[in-house]
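Okay, thanks for coming, everyone. Let me put the next one up on the screen, and then I'll walk you through it.

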Protein chains: 2
Amino acid sequence: MTVAGIDCVAFCRALGDATRQDILQMLQKKGELRVNDIVAAFERSSQPTISHHLKILKHEGLVNSRREGKEILYSLNAENVDECCGMLWAKFAPGKLLSIRLPKSARKARA
Amino acid sequence: MTVAGIDCVAFCRALGDATRQDILQMLQKKGELRVNDIVAAFERSSQPTISHHLKILKHEGLVNSRREGKEILYSLNAENVDECCGMLWAKFAPGKLLSIRLPKSARKARA
DNA sequence: TGAACATATTGACGAATTTCAATATGTCTA
DNA sequence: TAGACATATTGAAATTCGTCAATATGTTCA
């Protein structure tokens, strides 16, 4: 099922892993990062593992990436993350003063 | 990792299944339901499967249950769901006019 | 008490997920 | 162009997850 064109289940699955949540939060806090920066921050995970998680996050539209020379820079796709969180809230916890702040698309989805 | 005493990853894992999202939304829309009502609504799933999903949702505090005679009634734990969604938003998409509406605990967690 | 009903638990199976070593791809620079 | 570097992909092993048939538990009523 999708709300406002976003797949709620896929979004939650993408967030349903500790490493991926840590990556996202790192990007949220620090902005754009090279893959190597992320790998270095995770003693517990190998480079291929991080690469795999980044691929999943990218596929769900939660991060952006761009190449810069040899390196690839990842950043949080803040708009999408925001939209997905709003959609989740609208789907499961409407009527909680939410109308104050809903993004347009989620507001429409509730109607 | 936990924010405001809630395990973000476990919450997302619980929501990372289509059947569980459907159950939650059903409870959100219709209020308290007997297990049989839920089972009846899902041609695709058996009674043990629904029971299993309800157990997971209960374990994460997303639903409440009470016995009434032979039957057991499930309902959405709206406060917790709301709090979890807010926590998610606070963790990954702060700075989006969110301060307007954050629950107390999530607001504290951002500080 | 025993039969009927509602729900939970167990056990097993296939599918999906996470992980890493090995390797491939793409980019820069000497 | 060759070598070094950064990241992605592949393939395989271990684990987790979703599912259901069978069965257990708990409740009501005759």
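Quick bit of vocabulary before anything else: when I say helix or strand, I mean a DSSP run, at least four residues of H or I for a helix and at least two of E for a strand, numbered from the N terminus. And keep in mind that this is a predicted model.

So, which elements build the surface near DNA strand C? From chain A it's α4, and from chain B it's α3 (35–41), α4 and β5 (71–76), each giving at least two residues. There are 24 residues around that strand, and Thr49(A), His53(A), Asn36(B), Gln47(B) and Tyr74(B) come nearest. By class you get 5 nonpolar, 9 polar and 10 charged.

Now the atoms. Ser46(A) has a side-chain N or O 2.9 Å from a phosphate oxygen of DNA strand C, and Asn36(B) puts a backbone N or O 2.9 Å from a phosphate oxygen too. Gln47(B) goes for a base: its side-chain N or O sits 2.7 Å from a base nitrogen. Of the strand C atoms within 4 Å of the protein, 74% are sugar or phosphate, and the rest belong to bases.

Over to DNA strand D. There, a polar side-chain atom of Ser51(A) is 2.9 Å from a phosphate oxygen, one of Arg20(B) is 3.1 Å from a phosphate oxygen, and Ile72(A) comes in at 3.4 Å through a backbone N or O.

Last thing, the inside. The largest nonpolar core has 59 residues, and Phe11(A), Leu62(A), Phe11(B) and Leu62(B) touch the most other members. Beyond its sequence neighbours within four places, Phe11(B) contacts several residues, including Leu62(B), Met87(B) and Leu88(B).

How values were computed:
Residues numbered from 1 in each chain as written. Chains lettered and ligands numbered in written order. Predicted model: local features only at pLDDT ≥ 70, side-chain atom pairs only at ≥ 80, totals over all residues. Heavy atoms only, no water. Polar contact = N/O pair within 3.5 Å; in protein donor to acceptor, adjacent residues only side chain to side chain. Core = buried A, V, L, I, M, F, W, Y, C linked by side-chain atoms within 4.5 Å. Buried < 20%, exposed > 50% of the residue type's maximum accessible area, 1.4 Å probe, protein only. Contact = heavy atoms within 4.5 Å. Near = heavy atom within 4 Å. Nonpolar A, V, L, I, M, F, W, Y, C, P; charged D, E, K, R; others polar.
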